[in-house]
Amino acid sequence: MAAVLKTPYFLVDEDDLIHNLEILKRVQDETGCHILLAQKCFSMYSTYPLLAKYLAGTTASGLYEAKLGYRYMAQPFGKENHVYAAAYLPEDLPYLAGYCDHISFNSVNQWLTYKELCQEAGVSTGIRINPEISTQEGHEIYDPCAKYSRMGVRKEEFLSAYQRGLLEGLKGIHFHTLCEQNSDALEQTLEVVEKNFGEVLKHMDWVNFGGGHHITRADYDLDRLISLIKHVKDCYQVEVYLEPGEAVALNAGYLEASVLDIVENDKQIAILDTSAACHMPDVLEMPYRPEVLGAGEEGEKKYSYLLAGPTCLSGDVIGGYSFDRPLKVGDRLTFLDMAIYSMVKTNTFNGMKLPAIYYRKGKEIKKIKSFDYEDFERRL
Ligand SMILES: *Cc1c(COP(=O)(O)O)cnc(C)c1O
């Protein structure tokens, strides 16, 4: 069935999504915490009616995501809508205060500037802190605790503002420090947050643990997460929020592509109708090598290839892979785990066509969107 659809396309699978959502719901049910979808990772709003059955709401990185969450989750399903940005545009604030029930600010200055507007609109406001504890290695661009980070207020500045009474009316603390991590990293982070901000936390309504919790990964230690959430709720009498992106749609999507040509330059190179630069930019940005269904590491199976895009960027190479049979023009390849940070990041560099978006529910495959020349022209 899938073989007749024109490549390239994304396919998101409902059963895989439900698998993740059941796990997230279990965490909420056992702890009373609130789990929000971080839309910057996965904004396929046609799935929001399903997500709304399991999650507490959505969170946004700015006005457009906040509006999307409002239109497709908060308003129709009565769910929560949060937003955080490193800085807000002044003209966006009145709209954000209309769309969102919780707004987190990145600095004391931004909070002071907009707190009255938020209070009048009945919005609960928070400030993002920088706990200054790095628990990840290798991905500096994803480490908000890295040197010179602009993300969050550090202890000294926060406590000084607090002690001077400047934070009167503040309802929440937000931190986000993790990326694809297990609950041991959260535990280390919480230890520092409690030590440095514990006194303040007692006077807050809520604390948001951010994203980067790989909760739905097979080796994730759920019991530890559950006990950490319970501990914070009991000890500080606060509502606890988590806002994972990846964990919601982990391993729930595929990117299907076809081989357009095979060339040789010391290695066999298969040129595909999909591009790392345009359709899966994290492959180059993070960087990482996505898994391909049925393929091994380069050299592992009999026939090895570099898989590459058709763009003029020399570095538009997805990675080295091997197969049991030689690839030929027209063969289809399935890239795994492509629901997250893919559709939200596609671009039309080189005038590349955007992959269509399909949804699989049981045996049925439904087209959600397809794109054409107009989408390219309209943006430029
Ligand atoms: C990126 C981000 C998230 C989601 O992170 P995942 O790694 O996708 O779970 C949540 N909150 C904030 C503030 C973020 O920047």
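**Exercise 1.** In which strand is the place of H34? Determine also whether H34 is buried or exposed.

*Solution.* The model is predicted: local features need pLDDT of at least 70, side-chain atom pairs count only at pLDDT 80 or more, and totals for chains, interfaces and linings use all residues. Residues are numbered from 1 along each chain as its sequence is written, and side-chain values use heavy atoms, with hydrogens and water left out.

Step 1. H34 lies in strand β2, residues 34-38 (strands are DSSP runs of E, at least two residues; helices are runs of H or I, at least four; both are numbered from the N terminus).

Step 2. The relative accessible area of H34 is 17%, so H34 is buried (buried is under 20%, exposed over 50%, partly exposed in between, with a 1.4 Å probe and protein chains only).

Step 3. Apart from neighbours within four places in sequence, H34 contacts Q28, A56, E80, E239, V240, Y241 and L242 (contact means heavy atoms within 4.5 Å).

**Exercise 2.** Compare the span of helix α5 with its expected value, and describe its packing.

*Solution.*

Step 1. Helix α5 covers residues 108-120; because its 13 residues at 1.5 Å a residue should span 18 Å, the 19 Å between its end C-alpha atoms agrees (the expected span is 1.5 Å times one less than the number of residues).

Step 2. A kink of about 50 degrees is centred on Y114 (the angle between axes fitted to the seven residues ending there and the seven starting there).

Step 3. Y114 is among the buried residues of α5, which also include V108, W111 and C118. The buried residues of α5 pack against α4, β5, β6 and α6.

Step 4. Just after α5, G122 takes a positive phi of about 75 degrees.
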